[in-house]
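I am keeping these entries as I work through the structure, one topic at a time. I begin with how far the coordinates can be trusted.

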Amino acid sequence: MKPLLECRNITVAYPIADGVLRLYGEGVSFNLEEGGFLSVVGGSGWGKSTLVNIVLGLEKPTRGMVQLDGENMTEQSFVKRSARVKTAAVFQRPTALPQLTVLQNLHLALSMMGVPKRERDERIKESMTFFGLERLSHSYPDSLSAGQKRRIDLARALAAKPRFLVLDEPTGDLDSSVTNLVMPLLRGLNKDHAMTILMTTALARHASAARHQIHLRPPIFQTEQPIAR
Amino acid sequence: MERPSWAPVILSGALPRELSDLLAMAILALASLESVFAQLQPFNQSAWFATLLILVPMTCALAALSNSSRTQREELALFAYGGAGWQIQLRYVVRGFVVAVIGLLPLWFRFIATENVLSFNLVLLLVSATVGGLSYAAPALKRTRSLAFVEQYKG
């Protein structure tokens with residue numbers, strides 16, 4: 001069976017000073033089967049978010065190849081991918097249009113993913129209820145706390161019922177009561193709806209929610225060329 | 001069957017709504033009014049068009065640049081919602097076009113009142129408005145293609 005996501009020898013090099021490179025993920029390789037649930041575990045600054053951006057086609061790796069649903073993501077734009085395999089992403093930093101209310105943001109996101117209007121209302125209501133956002137539906141994102149914004153992002157991604165869900169530290173900014181809801185929800189979506197999930201986390205106890213895990217190593221520093229003295 | 005839709009991305013941001021858009025329209029309207037009422041001597045078409053081609057794109061680009069911190073947040077959200085780069089650019093092209101068309105209304109009215117609907121001057125106005133739309137989108141194009149933009153998704 002062909003994997004939905006295939007990463008081969010991913011390495012990212014960032015120049016941090018004259019002649020010095022910071023290398024992330026020395027040749028990270030993994031497969032994610034359709035209906036799989038994979039946790040990417042690593043400490044802060046180890047390249048988890050960079051890997052998410054690469055998988056989504058937002059960044060290009062210095063070396064290596066990413067194939068999503070058979071397409072080379074290092075040559076694809078984020079948009080084409082999103083349109084084809086129905087991917088939803090929750091980034092580490094909350095994202096919402098500041099001039100729209102919570103409800104309007106969710107409607108816009110679902111309409112962009114092509115969810116029919118008659119289904120949108122039901123899905124949004126269900127998702128907002130789950131995350132306790134009903135009373136915030138007419139609030140603007142700027143008036144909300146970081147945890148509330150994170151819940152909006154999760155509600156938006158899950159209401160879309162994507163084929164592939166990418167979550168970058170989804171429990172950051174959430175209090176323990178919501179975190180305790182999110183992990184079983186993800187397991188349920190994966191098990192009952194065969195949703196393919198890629199999640200990054202720094203916490204081993206959250207990583208255990210997934211069926212498979214990969215562990216990143218800390219970045220290494222390498223001189224690009226001998227530094228002249 | 002669910003099919004990703006491009007229309008909401010463009011329509012959600014096609015109309016001018018920022019203060020900088022209003023100021024751009026006011027500047028273009030003042031320049032247009034001056035041009036309408038100053039045409040007492042024979043009309044110099046090439047000089048008039050050259051002025052428009054400088055004034056309109058510069059005003060539109062300035063309007064887009066002055067609200068870039070806010071629009072960047074919109075762009076991040078739209079990408080996260082599954083929007084395409086071209087869709088996000090097109091919404092700015094449309095918005096800039098609308099800003100230019102509204103700002104140049106005095107000239108539209110003048111030419112519509114005095115010339116054929118398909119006159120050369122009206123075509124030149126249309127070209128100016130299109131250039132205004134493209135100029136409005138230019139800062140966002142540069143911004144969203146930079147590595148610094150996608151770094152914003154990281155905590």
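**Confidence.** I looked up chain B first and noted that its pLDDT averages 86, with 93% of the residues scoring at least 70. I keep in mind that this is a predicted model, and that its scores are ipTM 0.80 and pTM 0.81. Among the elements of chain B, I found the lowest mean pLDDT, 72, in helix 1 (residues 7–11) of chain B, and the highest, 93, in helix 7 (residues 120–144) of chain B. I remind myself that predicted coordinates should not be read in detail where pLDDT is low.

**The two chains.** Turning to where the chains meet, I noted that 26 residues of chain A are in contact with 24 residues of chain B. On the side of chain A that touches chain B, helix 1 (48–55), helix 2 (78–85) and helix 3 (102–112) of chain A each supply at least two residues. I then looked at the character of that side of chain A and found 14 nonpolar, 9 polar and 3 charged residues.

**A sheet in chain A.** Next I followed an open sheet of 5 strands in chain A, whose order is 6-7-8-3-9 and whose pairing is parallel. Strand 6 (87–90) and strand 9 (212–215) of chain A each have a single partner strand, so they stand at the edges with one side left without a neighbour in the sheet. Neighbouring strands of this sheet are turned by 15° against each other on average, if direction is ignored. Within it, I traced strand 3 (residues 37–41) of chain A, which is joined to the parallel strand 8 of chain A by 5 bridges, and I saw that A:F37 stands opposite A:I197 in strand 8 of chain A. I also found helix 5 (residues 146–159) of chain A lying across strand 6 and strand 7 (164–168) of chain A, at about 170° to strand 6 of chain A.

**The core.** The largest nonpolar core has 92 residues, and A:V55, A:A155, A:V166 and A:L198 are those with the most contacts inside it. I picked A:V166 and listed some of the residues it touches, including A:V52, A:L56, A:T87 and A:A89.

**Two unusual phi angles.** Most residues other than glycine have a negative phi, so I checked the exceptions. A:N9 has a positive phi near 50° and lies in strand 1 (residues 5–17) of chain A; because A:N9 has 13 C-beta neighbours inside 10 Å, I count it as partly exposed. A:A194, with a positive phi of about 55°, is found in the loop between helix 6 (176–193) and strand 8 (196–201) of chain A; A:A194 has 11 such neighbours inside 10 Å and therefore counts as exposed.

How values were computed
Residues are numbered from 1 along each chain as its sequence is written. Chains are lettered from A and ligands numbered from 1 in the order in which they are written. This is a predicted model: local features need pLDDT of at least 70, side-chain atom pairs count only at pLDDT 80 or more; totals for chains, interfaces and linings use all residues. A nonpolar core is a set of buried Ala, Val, Leu, Ile, Met, Phe, Trp, Tyr and Cys residues joined through C-beta atoms within 7 Å. A residue is buried if 20 or more other C-beta atoms lie within 10 Å of its own, exposed if 12 or fewer, and partly exposed in between; C-beta atoms are placed from the backbone. Two residues are in contact if their C-beta atoms, placed from the backbone, lie within 7 Å. Helices (H or I, at least four residues) and strands (E, at least two) are DSSP runs, numbered from the N terminus. Ala, Val, Leu, Ile, Met, Phe, Trp, Tyr, Cys and Pro count as nonpolar, Asp, Glu, Lys and Arg as charged, and the others, Gly among them, as polar. pLDDT is the predictor's confidence in each residue, from 0 to 100. Two strands pair if DSSP finds at least two bridges between them. Axes are lines fitted to C-alpha atoms, for helices over the stretch in contact, and angles run from 0 to 180 degrees between N-to-C directions. Lists of a residue's contacts leave out its neighbours within four places in sequence.
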